[in-house]
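The following exercises concern side-chain contacts, burial and internal space. Each task is followed by a worked solution.

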Amino acid sequence: MLTPIANLPVHLITGFLGSGKSTLIHRLIEQKPPGERWAVLINEFGQVGIDQAMFAERDDLVVKGLPGGCLCCQLAFVMQATLVNLLHRHRPDRLIIEPSGLGHPAGLLEVLRGEAFAGVLEVRDIIAVLDPRRLDDPRAREHETFRDQLEMADAVALTMTDLATPEQLAAAEALLGESWPAKKWVRPAPHGELPLSLLIEAAGGEPPHRASPDSEAHRRLREAAAGSLLLEDFGADEPTPGKPVREEGGSLGYATLGWRWHPDDVFDLDRVTALLGELPRGLRVKGVLHSEAGWKLYNRAAGAVSLTASAWRQDSRLEVIGEAGSLPQAEELETELQRCLCASRD
């Protein structure tokens with residue numbers, strides 16, 4: 001049992017693929033009280049690990065990424081070991097956990113509220129992040145994890161409100177208004193803007209009246225992973241200049257396709273963004289790329305694209321996520337991406 005820390009506030013930020021969880025966490029970090037050290041544990045369904053690269057290194061912030069599966073099932077055991085190490089080594093004042101977009105909260109809560117962290121972690125209100133436009137997509141709306149994330153949430157932050165129509169916003173608020181028990185709050189969070197006070201003032205402990213449905217699909221994955229050894233260092237193969245490392249995976253009806261390039265490989269930004277823009281609209285695409293215009297973060301969700309500067313310098317990374325069978329052919333896309341390198345320019 002852990003002893004150095006007692007009742008560490010833990011904030012669980014859930015939400016479906018591309019809903020804006022990382023952006024919201026960035027905005028919360030901007031409001032961090034001086035003198036506090038925070039820890040952020042990020043789980044990504046994909047194998048490459050890109051969301052961690054979106055956070056700049058700083059003394060008062062510890063960011064740990066766990067890519068390659070679902071935190072609540074496939075990575076449950078390695079997550080527990082990682083948390084123990086993180087708490088002992090860094091002694092944060094607050095912990096934020098971002099499960100993957102396909103992560104089910106029930107299995108994760110089982111670990112956080114289990115015997116190993118009794119008296120150590122104080123799980124605060126579960127916050128679900130919802131892009132109201134998702135409700136127009138029956139594949140998302142009828143997805144078990146999507147429904148359960150909203151059902152188990154104590155409160156909901158509505159993101160992408162600047163891209164949603166008034167009708168979509170009204171539909172989301174009406175749906176959440178029917179929740180029983182009622183949500184503590186439902187707040188617009190345009191561009192991820194959410195008052196930190198909503199999290200800090202939230203009470204800890206598990207609400208006795210709120211159901212915690214488990215997922216049969218996630219339970220099976222959790223049992224299958226119980227005897228597996230998962231290494232913390234997922235990047236066993238390092239890319240060499242001109243030769244990226246490709247990673248592929250899939251479960252829960254979704255598949256991932258990703259690459260890591262050597263930091264000396266430089267992309268033609270116009271060419272690579274044009275190529276990514278040609279990918280089917282329904283795919284989730286994110287990356288951190290070394291370009292002739294500097295290091296850039298590329299993020300595409302629900303068809304909306306953002307391109308911003310990045311402090312990441314270790315390598316270039318790209319991930320494409322979609323329903324099983326919807327991803328482009330790996331070799332063909334890799335060939336096209338290689339042609340976007342400046343050294344490969346015609």
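E247 is buried in this predicted model, with a relative accessible area of 19%.

**Exercise 1. Identify the salt-bridge partner of E247, locate both residues, and classify the partner as buried or exposed.**

Solution.
- Step 1. The side chain of E247 meets that of R260 in a salt bridge, with a distance of 3.2 Å from N to O.
- Step 2. This pair links distant parts of the chain: R260 belongs to strand β10 (residues 254-261) and E247 to strand β9, and the two are 13 residues apart.
- Step 3. Buried means under 20% relative accessible area. R260 has 2% relative accessibility and therefore counts as buried. E247, at 19%, is buried by the same cut-off.

**Exercise 2. Describe the salt bridge between R246 and E334, and state which network the two residues belong to.**

Solution.
- Step 1. The side chains of R246 and E334 form a salt bridge at 2.9 Å, N to O.
- Step 2. Here too the pair links distant parts of the chain: R246 is in strand β9 (residues 245-251), E334 is in helix α10 (residues 330-338), and their positions lie 88 residues apart in the numbering.
- Step 3. The burial states follow from the relative accessible areas. R246, at 29%, is partly exposed, whereas E334, at 18%, counts as buried.
- Step 4. R246 and E334 are linked with E248 and E331 in a network of salt bridges.

**Exercise 3. How many salt bridges does the structure hold, and are R317 and D315 buried or exposed?**

Solution.
- Step 1. The total is 14 salt bridges.
- Step 2. One of them joins the side chains of R317 and D315, at 2.7 Å from N to O.
- Step 3. Both R317 and D315 are buried.
- Step 4. As general background, side chains of opposite charge can pair when their charged atoms come close.

**Exercise 4. Determine the geometry of the aromatic pairs that involve F16, and state which cluster results.**

Solution.
- Step 1. A search of the whole structure gives four aromatic pairs.
- Step 2. In the pair of F16 and F146, the ring centres are 5.5 Å apart and the planes stand at 90 degrees, so the pair is edge-to-face.
- Step 3. F16 sits in the loop between β1 (8-15) and α1 (21-29), and F146 in helix α5 (residues 144-152); the pair links distant parts of the chain, 130 residues apart. Both F16 and F146 are buried.
- Step 4. For F16 and Y254, the ring centres are 6.4 Å apart and the planes at 80 degrees, so this pair is also edge-to-face.
- Step 5. Y254 is in strand β10 and F16 in the loop between β1 and α1, so the contact ties together parts 238 residues apart in sequence. Both F16 and Y254 are buried.
- Step 6. F16, F146 and Y254 form one aromatic cluster.

**Exercise 5. Find the number of cavities of 30 Å³ or more, and characterise the lining of the second largest cavity.**

Solution.
- Step 1. The count comes to three cavities of 30 Å³ or more.
- Step 2. The second largest cavity has a volume of about 50 Å³.
- Step 3. Its lining consists of G15, F16, S19, A128, V129, L130, D131, R134, F146, Q149 and L150. F16 and F146, both members of the aromatic cluster, are therefore part of this lining as well.
- Step 4. β6 (127-130) and α5 each supply at least two residues of the lining.
- Step 5. By class, the lining has six nonpolar, three polar and two charged residues.

**Exercise 6. Which residues of helix α3 are buried?**

Solution.
- Step 1. Helix α3 covers residues 105-112 and is mostly covered, with seven of its eight residues buried.
- Step 2. The buried residues are P105, A106, G107, L108, L109, V111 and L112.

**Exercise 7. Explain why C340 and C342 form no disulfide.**

Solution.
- Step 1. A disulfide requires two cysteine sulfur atoms within 2.5 Å.
- Step 2. The cysteine sulfur closest to that of C340 is in C342, at 9.6 Å, which is too far for a bond. From the side of C342, the closest cysteine sulfur is that of C340, at 9.6 Å.
- Step 3. The count of disulfides is accordingly zero.
- Step 4. C340, at 5% relative accessibility, counts as buried, whereas C342, at 26%, counts as partly exposed.

Definitions and conventions. Residues numbered from 1 in each chain as written. Predicted model: local features only at pLDDT ≥ 70, side-chain atom pairs only at ≥ 80, totals over all residues. Heavy atoms only, no water. Salt bridge = Lys/Arg side-chain N within 4 Å of Asp/Glu carboxyl O. Helix = DSSP H or I, 4+ residues; strand = E, 2+ residues; numbered from the N terminus. Buried < 20%, exposed > 50% of the residue type's maximum accessible area, 1.4 Å probe, protein only. Phe/Tyr/Trp six-rings, centres within 6.5 Å; stacked < 30°, edge-to-face > 60°. 1 Å grid on protein atoms, 1.4 Å probe; cavity = no way out; pocket = protein on both sides within 12 Å on 5 of 7 lines; lining within 4 Å. Points joined across faces, edges and corners; volume = space filled by probe spheres on them. Nonpolar A, V, L, I, M, F, W, Y, C, P; charged D, E, K, R; others polar.
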